[in-house]
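Biologist: I'm new to this one. Could you put it up and walk me through it?

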Amino acid sequence: MRIVIAGGHGQIALRLERLLAARGDEVAGIIRKAEQGDDLRAVGAEPVVLDLESASVEEVAERLRGADAAVFAAGAGPGSGAARKDTVDKGAAVLFADAAVRAGVRRFLVVSSYGADPDHQGNEVFDVYLRAKGEADGYVQGLDALDWTILRPGSLTDDAGKGLVRLEAQTGRGSVPRDDVAAVLAELLDTPATAGLTLELISGSTPVSVAVKSVAGN
């Protein structure tokens with residue numbers, strides 16, 4: 001498969017790119033800064049320099065044409081203010097989804113967040129973040145032209161992945177290594193029957209492949 005990942009230099013994206021390239025997929029990662037390109041090449045991905053905060057739908061669609069799947073893994077990141085939660089976590093997600101529709105890329109994965117909710121209350125930066133993620137998820141969920149799956153991981157850690165997770169519509173609070181988030185995303189890309197599902201993810205006791213098959217109804 002050819003897979004294009006928005007936010008290609010993010011911590012989950014780099015792990016996912018390494019996994020996909022190692023299994024023989026063709027992977028491109030969209031990045032904002034050319035100097036990030038070497039990190040993508042090191043894990044086997046092709047860097048594509050494009051700023052999703054200023055690009056047009058057509059510019060993004062051009063990078064997506066010919067892909068079998070698209071993954072939105074971009075985020076404003078810790079330390080960014082409320083304004084960028086709106087322009088990246090929401091705005092760039094909407095743009096990337098619209099571009100996928102225009103480019104005819106049906107399979108579309110979103111790395112969201114546990115607690116994402118368009119009606120989340122509060123004015124702290126994290127409140128704005130959860131609201132922006134929820135609004136972006138809602139937008140994607142309304143696009144019939146996409147076979148979308150939304151993944152909402154719990155608190156992210158840099159612990160080594162164990163490959164054991166809990167993946168359900170509702171898991172309750174918990175944490176999960178970024179390694180395991182990437183492993184679940186790779187498995188979801190291989191499991192089109194998960195289209196239309198919004199899933200929460202935390203560490204658990206079920207092997208990744210079994211957890212994904214279970215939610216897919218296999």
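Modeller: Sure. One term before we start: two strands pair if DSSP finds at least two bridges between them. Keep in mind that this is a predicted model.

Biologist: Good to know. How many bridges join β8 to β10, and which way do they run?
Modeller: Strand β8 covers residues 164–168, and β10 covers 197–203. The two run antiparallel, and Val165 stands opposite Ser203 in β10. The number of bridges joining them is four.

Biologist: And which residue of β11 stands opposite Leu164?
Modeller: β8 also pairs with β11, in the antiparallel sense over two bridges. Leu164 belongs to the uncovered face of β8, along with Arg166 and Glu168, whereas Val165 and Leu167 make up the covered one. Opposite Leu164 in β11 stands Pro207.

Biologist: Zooming out, which are the edge strands of the sheet?
Modeller: It's an open sheet of nine strands with mixed pairing, in the order β3-β2-β1-β4-β5-β6-β10-β8-β11. An edge strand here pairs on one side only. That gives β3 and β11.

Biologist: What stands opposite Ile31 in β3?
Modeller: Strand β2, residues 26–31, pairs with β3 in the parallel sense over four bridges. Ile31 is in that β2 stretch, and its opposite number in β3 is Val49.

Biologist: What about helices: at what angle does α5 run to β6?
Modeller: Let me start with α3, which packs on the sheet and touches β1, β3 and β4, its direction making about 145° with that of β1. Helix α5, residues 125–141, lies across β4, β5, β6 and β10. Its angle to β6 is about 160°.

Biologist: On to charges. How far apart are the closest N and O atoms of Glu46 and Arg2?
Modeller: The structure holds 16 salt bridges, and Glu46 with Arg2 is one of them. This pair links distant parts of the chain, with Glu46 in strand β3 and Arg2 in strand β1, 44 residues apart. Glu46 is partly exposed at 36% relative accessible area, while Arg2 is buried at 15%. Their closest N and O atoms are 3.3 Å apart.

Biologist: How many residues apart in sequence are the parts tied together by Arg15 and Asp179?
Modeller: These two form a salt bridge, with the closest N and O atoms 2.8 Å apart. Arg15 lies in helix α1 and Asp179 in helix α6, so the pair ties together parts of the chain from both helices. The separation is 164 residues.

Biologist: Which residues does the network with Arg15 and Asp179 join?
Modeller: Arg15 is partly exposed, with a relative accessible area of 24%, and so is Asp179, with 30%. Salt bridges that share partners make up the network. The residues joined are Arg15, Asp158, Arg178 and Asp179.

Biologist: Why does Asp180 have no salt bridge, and which backbone nitrogen does its side chain reach?
Modeller: Asp180 lies in helix α6 and is buried. A salt bridge needs the nitrogen and oxygen within 4 Å, but the nearest side chain of opposite charge, Lys162, is 7.6 Å away, so the pair does not qualify. The side chain of Asp180 does reach a backbone nitrogen at 3.2 Å, that of Lys162.

Notes:
Residues are numbered from 1 along each chain as its sequence is written. This is a predicted model: local features need pLDDT of at least 70, side-chain atom pairs count only at pLDDT 80 or more; totals for chains, interfaces and linings use all residues. Side-chain values use heavy atoms; hydrogens and water are left out. Buried means under 20% relative accessible area, exposed over 50%, partly exposed in between (1.4 Å probe, protein chains only). Lys and Arg count as positive and Asp and Glu as negative; His and the chain ends are not counted. A polar contact is a pair of N or O atoms within 3.5 Å; within protein, one must be able to donate a hydrogen and the other to accept it, and residues adjacent in sequence count only if both atoms are side-chain atoms. Contact means heavy atoms within 4.5 Å. Axes are lines fitted to C-alpha atoms, for helices over the stretch in contact, and angles run from 0 to 180 degrees between N-to-C directions.
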